[in-house]
Amino acid sequence: HVHSLASNERNAIFYASSHTGIIYDYKSKTQQLLQGHCNKITASVISSDKRWIVTADSGPDNVIVVWDSITGTPVKTIFNPHQNGVAAVAISSDSMFLASLSNTNGGVA
């Protein structure tokens with residue numbers, strides 16, 4: 001998935017490629033790499049104010065990482081949130097709450 005980070009101040013997008021999140025700035029034609037996953041990123045979401053990026057992965061030692069979209073630094077990491085990894089993430093409109101879903105043998109839990 002490609003997420004827009006565009007605002008009056010910037011013209012950028014976010015997308016994941018394997019283990020890495022990427023912020024691409026169209027104006028400066030630069031990439032900022034968000035690295036911190038040991039497994040392929042399986043889910044991502046952007047806060048409604050476009051300040052926060054949340055990435056998650058599936059596999060051994062899966063994590064959810066909350067990134068500052070301006071600086072590209074991780075501000076919170078949740079280790080092993082689900083036994084079977086993360087299938088989906090969502091963030092509340094006020095950016096105060098995060099929800100995640102996991103895969104199970106029979107579906108999503």
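The legends below walk through several close-up views of this predicted model.

**View 1. Four strands make up an open sheet.**
Welcome to the sheet as a whole: its strands follow the order E1-E2-E3-E4, and the pairing is antiparallel. At the edges lie strand E1 (2-4) and strand E4 (30-35), each of which pairs on one side only. From one strand to the next, the twist averages 20 degrees. As a general guide for looking at the side chains, those in a regular strand alternate between the two faces of the sheet.

**View 2. Strand E1 meets strand E2.**
Here you can follow E1 alongside strand E2, which covers residues 12-17. The two run antiparallel and are joined by three bridges. To find your way, start at valine 2: its bridge partner in E2 is tyrosine 15.

**View 3. Strands E2 and E3 form a hairpin.**
Strand E3 takes in residues 20-25 and pairs with E2 in the antiparallel sense, over six bridges. Tyrosine 15, already met as the partner of valine 2, stands opposite isoleucine 22 in E3. Two residues lie between the strands of this hairpin. Look in the turn for serine 18, which has a positive phi of about 60 degrees.

**View 4. Strands E3 and E4 form a hairpin too.**
E3 and E4 run antiparallel, with six bridges joining them. A handy landmark is threonine 20, which stands opposite glutamine 35 in E4. In this hairpin, four residues separate the two strands. Lysine 29 sits in the turn and has a positive phi of about 55 degrees.

**View 5. Tyrosine 24 and tyrosine 26 bring their rings together as an aromatic pair.**
The structure holds one aromatic pair, so this is the place to see it. The ring centres of tyrosine 24 and tyrosine 26 are 5.0 Å apart. Their planes stand at 90 degrees, and because planes over 60 degrees apart count as edge-to-face, the pair is edge-to-face. How accessible are these two residues? Tyrosine 24 has 22% relative accessibility, so it counts as partly exposed. Tyrosine 26, at 39% relative accessibility, also counts as partly exposed.

**View 6. A charge sits over a ring at arginine 51 and tryptophan 52.**
For the last close-up, turn to the side chains of these two residues. The charged end of arginine 51 sits over the ring of tryptophan 52. From that charged end to the ring centre is 4.9 Å.

Note on methods:
Residues are numbered from 1 along each chain as its sequence is written. This is a predicted model: local features need pLDDT of at least 70, side-chain atom pairs count only at pLDDT 80 or more; totals for chains, interfaces and linings use all residues. Side-chain values use heavy atoms; hydrogens and water are left out. Two strands pair if DSSP finds at least two bridges between them. Axes are lines fitted to C-alpha atoms, for helices over the stretch in contact, and angles run from 0 to 180 degrees between N-to-C directions. Rings of Phe, Tyr and Trp (its six-membered ring) pair if their centres lie within 6.5 Å; planes under 30 degrees apart count as stacked, over 60 as edge-to-face and the rest as tilted. Buried means under 20% relative accessible area, exposed over 50%, partly exposed in between (1.4 Å probe, protein chains only). A charge sits over a ring if NZ of Lys or CZ of Arg is within 6 Å of the ring centre and within 35 degrees of the ring normal.
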